[in-house]
Amino acid sequence: MRMLKRSRTYYKYLMSYVALLLTAVLALVVFSQAFFVVQLRSSLMEMHHSRLRQTVQKLDSDIQQIYTIDYQISSVNENFLSYYLSDQSPMRDLRIVNEFKNLLAPLSFISEMALVERDAENVYTSTAVYAKRLFFNTIFVFDEWADPETDLAALSGRIVRPAERINASDRYITFINEASVFSRLQDTVQMYFVKESYFIDQLSPADEAGQEGAIWDASGRLIASTLPMDTMPTGSRLLLDGTDYLVLNEPSGVMDWTYTFLLPASIYLAPITRAQITLLVFMLVLLVMGALVIHYAMQVNYKPIKELTQALGASTQGDELSSLKDVLSSLSAQNEHMRAQLMCSPDGQALRDTLLFSLLKGKFSSFDDFNQEARPLDMTFDKPWYQVIMLRHFGEGEEVPRAVLTRVLTDVLGEDYTFHFRELFEPSTIACLVGMPDNREDDLHRRCQHLLEVCAQEHALSFTIGMSGCYQNISQITAACFEATQAVREYFIRGRHQLIRYSELNRALDTQDNILHQLRELPGKKPEQQMELLQQFVAALKERKVSALLAKGYCNSAVQLLMSSSSGRPVNMEDLFTISYLRTADDYLAFMLHMLAPEPEPEAAQPHQEPVPELLGRIYACIGDNYDDCNFSIQDAADRLGLSGSYLSQYFKQQTGNTLTGYVADLRIRKACTLLETTTMPLQMISESVGYYNLNSFIRRFKQITGVTPGEYRKAHQ
């Protein structure tokens with residue numbers, strides 16, 4: 001790593017990774033502070049509010065008892081009323097005192113109660129009956145109350161006196177209630193004395209560390225407090241005597257009071273502090289792990305760039321990415337130069353010929369698929385309609401110069417047409433696929449007639465041209481090849497330098513004996529009915545002893561009718577080549593029955609007639625459909641099956657004991673052996689038919705598997 005750190009590229013990679021790590025950590029910090037900590041704080045505060053509301057409810061419930069007793073005495077308690085209205089006597093006073101004592105017995109928080117008559121001299125309590133002046137001047141001396149008797153006489157409604165010291169003893173909160181209009185004890189005042197310590201114990205319970213509190217009335221007057229306070233705090237935090245408190249205010253449900261609770265922030269926000277510390281530790285761990293990941297990533301991602309730069313001969317100092325970019329640009333230019341050379345070389349032309357052959361074989365489902373592979377070869381097909389023209393050259397073994405034919409076709413067809421051509425089936429036979437924007441069969445016929453004239457007059461080239469029909473569906477491209485092939489072979493009758501449409505052959509046959517009449521319903525029948533009809537057709541040809549040339553035309557027409565039907569297997573290029581070498585009507589019958597036979601299963605898919613797994617059967621079917629494509633590869637098969645290339649190879653090896661590459665090669669060579677035994681196709685055509693665009697590669701592989709060359713094999717088996 002010491003050497004790597006001297007590189008600017010190293011620091012660029014390092015800074016990018018560090019920036020990603022810091023971005024992730026920053027995002028986590030923002031999330032934790034903006035959401036997690038906020039939610040935790042909100043939950044804590046709600047929990048504290050809930051607990052304190054319970055305290056307020058308890059205090060309210062106790063205070064409510066005072067007013068309940070007041071109501072009992074003034075309106076409900078018949079015993080007390082009868083005692084109170086009876087004549088003055090010691091027994092009457094004793095009964096009133098006992099009644100008060102019974103009312104206060106279950107309410108321990110009330111220290112004393114008193115009933116004061118405005119116009120009388122007595123004050124009744126739960127312990128004794130006092131003279132009013134004695135009670136206020138000796139028993140309950142209010143230091144902060146100037147003249148209790150006068151104030152009580154002027155009292156209107158209910159009041160609560162804040163906590164105050166009485167007789168230099170405990171501090172009391174006094175509840176003073178004037179008789180209501182519904183009371184039966186008019187001109188009386190009830191007084192209840194509750195020790196301040198009772199409220200202090202509720203505001204600052206022993207089991208809640210550091211909690212303080214205060215009670216305020218609606219005017220902001222302090223009723224009771226655990227700490228010296230002047231005004232009611234309004235904010236959420238309060239600094240008092242060096243301690244930071246959380247302030248929580250809860251309203252009373254009975255009185256016009258507000259309960260203020262002070263919670264030490266350091267204690268009650270401790271879970272948030274612990275959570276933040278935990279997050280900090282997590283961040284530190286994340287940074288350490290991120291540093292380790294960055295170190296590993298630098299080894300995995302940067303070191304190969306360093307090694308690649310050195311391997312390509314670029315400078316190892318400074319910015320390797322710039323050096324590598326320069327090297328790759330140079331390699332790209334070299335690659336483009338080599339590609340241009342390849343396109344101009346025989347190998348490049350062979351690639352284009354092979355791709356065109358695959359198109360004519362029906363290996364593409366659409367022209368878009370064809371263009372995707374053809375575009376790198378500067379070879380596309382962008383017209384929706386097409387025809388196939390077959391050119392038969394009469395040059396006594398002379399090869400038609402490709403450049404000359406390309407130039408002539410370009411000049412004659414013009415910009416509205418596209419074309420691609422190659423030698424096909426037999427030497428001196430050239431297949432040309434012509435594309436056009438719409439159905440221009442008649443216009444193409446005129447241009448092909450002009451082509452014959454230009455070739456003969458300017459280049460001394462003698463051709464006969466066969467033209468297929470005009471099609472738009474790519475699935476008909478093999479049928480178009482068949483039509484053009486059959487048309488061009490009519491040079492045997494028409495002679496050289498002729499332009500022959502396949503449609504003219506059908507019309508010529510229709511003017512002869514009406515023997516084709518029985519075949520007109522052939523496309524619409526089932527395969528079994530078609531087989532029977534074809535057998536009757538061949539039998540009729542033999543019975544009527546139709547001339548061989550005419551009978552061959554009839555048979556070719558039957559093949560064309562069969563190709564236009566939806567029954568049986570599609571015709572491929574090997575089948576079309578085979579048609580050229582059918583010698584008898586029985587050969588034609590066998591060929592057409594072969595077309596109607598169902599597609600056979602791949603040979604290797606039935607080893608020893610044992611059943612195969614479903615996936616293996618799909619692999620055999622995929623290879624059987626595509627092995628003869630020169631561009632077919634193991635990865636293509638994997639993509640079609642939705643598998644990875646490595647898994648496909650391993651699975652096939654495990655199931656069959658053979659490699660997938662070896663199986664494909666064996667399948668191709670077996671097919672080549674069949675073509676060598678049954679046809680006179682040129683070796684180049686056989687090579688491309690079984691998936692080898694390079695003839696030398698085909699010959700080398702054929703000899704590796706069979707031990708002989710293709711020529712030697714053909715000589716031994718034909």
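This is a short talk on the contacts, rings, strands and helices of one predicted model.

Hi everyone, thanks for coming. You have the structure in front of you, so I'll walk through it piece by piece. Please keep in mind throughout that this is a predicted model.

Let me start with the whole chain. There are 718 residues, and 45% of them count as buried. The secondary structure comes to 27 helices and 16 strands. If we take the contacts between residues at least 6 apart in sequence, 63% of them join residues at least 24 apart.

Now let's zoom in on one serine, S74. You'll find S74 in helix 1, which covers residues 8-76. Is S74 buried or exposed? S74 has a relative accessible area of 5%, so it counts as buried. What does its side chain do? The S74 side chain reaches back to the backbone oxygen of D70, at 2.9 Å. It also makes a polar contact of 3.4 Å with the side chain of S75.

Which residues does S74 touch once we leave aside neighbours within four places in sequence? The answer is S183, R184, L185 and Q190. Take Q190 as an example of how far along the chain these partners can be: S74 and Q190 are 116 residues apart in sequence, yet their C-alpha atoms are 9.3 Å apart in space.

Let's look at that meeting point from the other side. S183 belongs to the loop between strand 5 (171-178) and strand 6 (188-195). Although it is a loop residue, S183 is buried, because its relative accessible area is 6% and the limit for buried is under 20%. With residues up to four places away in sequence set aside, S183 touches both S74 and S75. Within its own stretch of chain, a polar atom of the S183 side chain lies 3.0 Å from the backbone nitrogen of L185. And L185, you'll remember, was one of the residues in contact with S74.

For contrast, here is a loop residue of another kind. G524 is placed in the loop between helix 16 (502-510) and helix 17 (527-544). G524 counts as exposed, because its relative accessibility is 73% and the limit for exposed is over 50%. Its C-alpha atom is 9.7 Å from that of L562, a residue 38 places away along the chain.

On to the aromatics. A pair of aromatic rings is described by the distance of the centres and the angle of the planes. How many aromatic pairs does the structure hold? There are 28. One of these is Y198 with F199, an edge-to-face pair with 5.2 Å between centres and 75° between the planes. Y198 and F199 are both buried. Another edge-to-face pair is F364 with F370, at 5.5 Å centre to centre and 85° between the planes. F364 is buried at 8% relative accessibility, and F370 is buried at 0%.

Going back to Y198 and F199, they belong to a cluster linked by ring pairs, together with F109, F175, W257 and Y259.

Rings also meet charges here. The charged end of R92 sits over the ring of Y84, 5.7 Å from the ring centre. Likewise, the charged end of R668 sits over the ring of Y692, at 5.2 Å from its centre.

Next, a small run of strands. Strand 1 (residues 110-117) and strand 2 (residues 122-125) run antiparallel and are joined by three bridges. They form a hairpin with four residues between them, and one bridge there pairs A114 with T125. Strand 2 then pairs with strand 3 (residues 129-131), antiparallel again, over three bridges. That makes a hairpin with three residues between the strands, and here N122 has A131 as its bridge partner.

Last stop, helix 26, residues 695-706. What span should its twelve residues have at 1.5 Å a residue? The expected value is 16 Å, and the end C-alpha atoms are 16 Å apart, so the two agree. At the start of the helix, a side-chain oxygen of N694 comes within 3.0 Å of the backbone nitrogen of N696. After the helix comes G707, with a positive phi near 90°.

That's the tour, and I'm happy to go back to any part of it on the screen.

How values were computed
Residues are numbered from 1 along each chain as its sequence is written. This is a predicted model: local features need pLDDT of at least 70, side-chain atom pairs count only at pLDDT 80 or more; totals for chains, interfaces and linings use all residues. Side-chain values use heavy atoms; hydrogens and water are left out. Helices (H or I, at least four residues) and strands (E, at least two) are DSSP runs, numbered from the N terminus. Buried means under 20% relative accessible area, exposed over 50%, partly exposed in between (1.4 Å probe, protein chains only). Rings of Phe, Tyr and Trp (its six-membered ring) pair if their centres lie within 6.5 Å; planes under 30 degrees apart count as stacked, over 60 as edge-to-face and the rest as tilted. A charge sits over a ring if NZ of Lys or CZ of Arg is within 6 Å of the ring centre and within 35 degrees of the ring normal. A polar contact is a pair of N or O atoms within 3.5 Å; within protein, one must be able to donate a hydrogen and the other to accept it, and residues adjacent in sequence count only if both atoms are side-chain atoms. Contact means heavy atoms within 4.5 Å. The expected span of a helix is 1.5 Å times one less than its number of residues. Two strands pair if DSSP finds at least two bridges between them.
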